[in-house]
Amino acid sequence: MAFLTLDGVTKSYPTPQGRHTVLRRIDLIVGEGELVAVIGASGSGKTTLVSIIAGLVAPDGGTVRLDGAPVTGPGPDRGMIFQNYSLLPWLTVEENVQLAVDAVAAARSSDWRRIRARHFVDLVGLAAAAHKRPRELSGGMRQRVAVARGLATEPRLLLLDEPLSALDALTRATLQSELARILATERRTAILVTNDIDEAVLLADRIVTIGGRDGAVIGRSIAVDLPRPRERRGLSRRPEYQRIRRALMDQLGNAHGEAA
Amino acid sequence: MTAKTLDLRSLLLPLVGISTVLAIWTLLSQHVSPDLPSPWKTWEESKPYVTRPFFKDGEMNQGIGRFAFLSLVRVAKGFGIAVLLGTPLGFLLGLSPFFRKAFDPVIQVMRPISPLAWLPLGMVIFQRSEPAALFTIALCAMWPTVVNTAVGVRSINPDYLNVGRVLNLSRATMLSKIIVPATLPYVFTGFRLSLGLAWLVIVASEMLTGSPGIGGFLWQEYNSLVYSHILLSIITIGLIGFALDRLMGVVERRVQTV
């Protein structure tokens, strides 16, 4: 059942004032097909956590296992959707996605790969902008490209690092619903890192909090028992939503050492 | 203020600068240095070279356009060599810490050496003036390309590299799809600076080798006491250098906006 396992993952960085602990013995288990949201304040170590799972950063201690095999470096089996999109500005929308398809499907014919890239561009609703470069796109459109590229490698695990945090509130709301739709069609195991409770409730099967004064720890996990598809409208009035929100606020408050 | 008065200003103000220089030049020629030809005398004596820029009356007596062309061809060759050597060298320096540690000190020492110092060495190595001139131009003009490329590689946004790492791109794909395009704006700034240097060096190298070209002409006319042609050469060198810089500036901006 356990697909992704984090076991005692720790990470600290040297600073002039001594070592600064970012993550303190993080344990996390994610089941196959599960979408887990990790929620925490800015600077709580969320990005470090996904970077470790992605293999971009090596932990000081502990292990990360994906389907039993230890993670030792980055690889296309873990698709990453970066916080700042990280689109390559010299490539068009389609070429950005194509790069990802080509990286995992080198053995396929070039026609197959082109159709495949096109499929993901269509999936995020950018067919009309396929030949535009990132700087010609709005923030929301750029984020869609990043989503398409993240999915294009058909990763076994999708890592979303605050994917919508750079967007304005309105675009963000639209993209949240859009992301919910896309993740429903492209059902795969995913970790969503966010600082937005609504976003977590809208998208996740389960929410865990992250935070702590001397290095982040993972809090108790809260299941989101809301039927899908989840509608944004009216969500905040549902008792289940209010229960989750209260529980999260309590945990986040405790994690920061404040009275709940 | 309307756009029209702005336009007028941008046309008139450079004229103020030019007139000031001409006035100082006239003053110098009349009161300080009797050997310095006045602007008018310079024009009178230069007229055949300017109005018939492509006449040829022997190796060292040609229209100014012809001399400029000869120099430009020489610069193009030297600059070409500089770019062909300098760009890969810059990438190596930027990519490999080993290479950087090994060669950076040598480069830092070679960078400030004047073309006047390299040229005799070129003559010793190649025995002929043309390759010696190209050697000098290339060796002096190469460094901005080398240094800018290396800096460009080292300042690539780490996010772009992470994209490549997550996709497990091969070394070759990483270079062609990420590292080279990300570095290109820096490389072209290097090219522009290198071309400027190459044009600076051309005069020195032609003077010392006596090759036909704008610098060679300048030196010959100094030796023949035709001082007005020195001024003609200087003005031509300045104008062409300015035009080259503008031209490369356009190319550079095109690369940067992509």
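Which residue of S5(A) does Leu66(A) stand opposite? Leu66(A) stands opposite Ala69(A), and that pair is a good place to start a tour of this predicted model.

First, some ground rules. Residues are numbered from 1 along each chain as its sequence is written, chains are lettered from A and ligands numbered from 1 in the order in which they are written, and side-chain values use heavy atoms, with hydrogens and water left out. In this predicted model, local features need pLDDT of at least 70 and side-chain atom pairs count only at pLDDT 80 or more, while totals for chains, interfaces and linings use all residues.

**Chain A as a whole**

Chain A holds seven helices and ten strands; these are DSSP runs numbered from the N terminus, with at least four residues (H or I) for a helix and at least two (E) for a strand. Its C-alpha atoms fill a box of roughly 55 × 45 × 40 Å along the principal axes. For 260 residues, a compact globule would have a radius of gyration near 18 Å, and chain A agrees with its 18 Å. That radius is taken over C-alpha atoms, and the globule rule is 2.2 Å times the number of residues to the power 0.38.

Of the 260 residues in chain A, 53% count as buried. Here buried means under 20% relative accessible area, exposed means over 50%, and partly exposed lies in between (1.4 Å probe, protein chains only).

**The strands around S4(A)**

Strand S1 (residues 2–15) of chain A pairs with strand S4 (residues 61–66) of chain A in the antiparallel sense, over five bridges. Two strands pair if DSSP finds at least two bridges between them. Within this pairing, Leu6(A) stands opposite Val64(A). S4(A) also pairs with strand S5 (residues 69–70) of chain A, again antiparallel, over two bridges.

The hairpin of S4(A) and S5(A) has two residues between the strands. Asp67(A) lies in this loop and is partly exposed, with a relative accessible area of 45%.

**A covered strand**

How many of the six residues of S9 (residues 206–211) of chain A are buried? Six of its six residues are. On one side sit Arg206(A), Val208(A) and Ile210(A), and on the other Ile207(A), Thr209(A) and Gly211(A).

S9(A) runs parallel to strand S3 (residues 35–39) of chain A, joined by four bridges, with Ile39(A) partnered by Thr209(A). S9(A) also pairs with strand S10 (residues 217–223) of chain A, antiparallel and over five bridges; there, Arg206(A) has Ala223(A) as its bridge partner.

**Positive phi values**

Most residues other than glycine have a negative phi. The table gathers three residues with a positive value.

| Residue | Phi | Place |
|---|---|---|
| Asp67(A) | near 55° | hairpin of S4(A) and S5(A) |
| Gly212(A) | near 145° | hairpin of S9(A) and S10(A) |
| Gln127(B) | near 70° | loop between H5 and H6 of chain B |

Gln127(B) is exposed, with a relative accessible area of 63%.

**A buried leucine in chain B**

Leu232(B) lies in helix H10 (residues 227–257) of chain B and counts as buried at 10% relative accessibility. Leaving out residues up to four places away in sequence, Leu232(B) touches Thr42(B), Ser46(B), Tyr49(B), Val50(B), Ile64(B) and Phe217(B), where contact means heavy atoms within 4.5 Å. The C-alpha atoms of Leu232(B) and Arg52(B) are separated by 14 Å, with their positions 180 residues apart along the chain.
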